[in-house]
Amino acid sequence: MLSKKYPKEVKQILSKYPPEHKRSAVMPLLYLVQREEGYLTKAAMQDVAKIVDITETEIAALVGFYTLYHDKKEGKYRMQVCTDLPCALRGADEFMESLCGNLGIKVGETTADGFVTVEAVTCLAACDKAPMFQTQGPDGIKYHENMTVDRTMELISVLKKSGREAG
Ligand code: FES
């Protein structure tokens, strides 16, 4: 149970909302689970649904809607490359294809060492700085703009060396 596993954090999150509006705590509770466990398990989503008194279907809809929530265990780092039209006009598709080729995976897949998952996402509000992506990992969310495949491979290498290897 979430409230048993992270009692202090759950209590603190709930204390920010009046009891009659506890459903507003759904987003920070989901974020707590994902930060601690890496992704949202079905059991954790059921726990959150019970805590805030909404249906599991509503939780699933939220998780499906927001690209920053994940319901599957994937790479330690997610590289979310914007391939929306403005970025595509600045070479995002070629960047993506070449990056995936270098990593030996297809879009949506995870490298064999479990370190990186590459995903295509829509606008991340850096349209004039494509190719661009955000990394989502143990150190939070970071933007990487005007990237090349070489610089991206270098970034992956630096992240691995910095002691954050997939575990
Ligand atoms: S279209 Fe790619 S960041 Fe906006």
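Which element gives the largest share of the lining of the largest pocket? In this predicted model, that share comes from helix 3, which supplies six residues.

**Pockets**

The largest pocket encloses about 640 Å³ of space, and among its 26 lining residues Q34, G38, K76, G137 and P138 are the closest to its centre. Besides helix 3, the elements that give two or more residues to this lining are strand 3 (133-137) and strand 4 (140-144). The second largest pocket is lined by 13 residues, with Y66, T67, Y69, H70 and E119 nearest its centre, and the elements that give two or more residues to this lining are helix 5, strand 1 (77-82) and strand 2. The volumes and the classes of lining residues are set out in the table.

| Pocket | Volume | Nonpolar lining residues | Polar lining residues | Charged lining residues |
|---|---|---|---|---|
| Largest pocket | about 640 Å³ | nine residues | 10 residues | seven residues |
| Second largest pocket | about 180 Å³ | four residues | four residues | five residues |

**Helix 3 and the nonpolar cores**

Helix 3 has 12 residues, and at 1.5 Å a residue these should span 16 Å, which agrees with the 16 Å that separates its end C-alpha atoms. Within helix 3, the residues V26, L29, L30, L32, V33 and Q34 are buried, and what covers the buried residues of this helix includes helix 1 (2-5), helix 2, helix 4, helix 5 and strand 3. Q34 thus appears both among the buried residues of helix 3 and among the residues closest to the centre of the largest pocket. Helix 3 is followed by G38, whose phi is positive, near 90°, and G38 is likewise one of the residues closest to the centre of that pocket.

In soluble globular proteins, nonpolar side chains tend to be buried together. The largest nonpolar core of this model has 22 residues, and those with the most contacts inside it are V26, L29, L30, V48, V52 and I59. Helix 2 (7-14), helix 3 (26-37), helix 4 (42-52) and helix 5 (56-65) each supply at least two residues of this core, and helix 4 gives the most, with six residues. V52 touches K22, R23, A25, V26 and L29, when residues up to four places away in sequence are not counted. Apart from this core lies another, of 18 residues, among them V81, M96, L103 and V116.

**The surroundings of E119**

Is E119, a residue of strand 2 (residues 116-121), buried or exposed? With a relative accessible area of 16%, E119 is buried, because buried means under 20%. Not counting residues up to four places away in sequence, E119 touches H70, E74, R78, M79, Q80, V81, M96, V107 and G108; of these contacts, V81 and M96 are among the residues of the 18-residue core. The C-alpha atoms of E119 and K72 are separated by 13 Å, although these residues stand 47 residues apart along the chain.

**Backbone features in the loops**

The loop between helix 4 and helix 5 contains D53, whose phi is positive, near 60°, in a residue other than glycine; D53 is exposed, with a relative accessible area of 59%. N146, which is not a glycine either, has a positive phi of about 50° and lies in the loop between strand 4 and helix 8 (149-161), where N146 counts as partly exposed at 39% relative accessibility. In the loop between strand 2 and strand 3 lies P131, and the peptide bond that leads from A130 to P131 is cis, with omega near -5°.

Notes. Residues are numbered from 1 along each chain as its sequence is written. This is a predicted model: local features need pLDDT of at least 70, side-chain atom pairs count only at pLDDT 80 or more; totals for chains, interfaces and linings use all residues. Side-chain values use heavy atoms; hydrogens and water are left out. A nonpolar core is a set of buried Ala, Val, Leu, Ile, Met, Phe, Trp, Tyr and Cys residues joined through side-chain atoms within 4.5 Å. Buried means under 20% relative accessible area, exposed over 50%, partly exposed in between (1.4 Å probe, protein chains only). Helices (H or I, at least four residues) and strands (E, at least two) are DSSP runs, numbered from the N terminus. Contact means heavy atoms within 4.5 Å. On a 1 Å grid over the protein atoms alone, a cavity is a set of points where a 1.4 Å probe fits but cannot get out, and a pocket is an open set with protein on both sides within 12 Å along at least five of seven lines; lining residues have an atom within 4 Å of a point. Grid points are joined across faces, edges and corners, and a volume is the space filled by probe spheres set on the points. Ala, Val, Leu, Ile, Met, Phe, Trp, Tyr, Cys and Pro count as nonpolar, Asp, Glu, Lys and Arg as charged, and the others, Gly among them, as polar. The expected span of a helix is 1.5 Å times one less than its number of residues.
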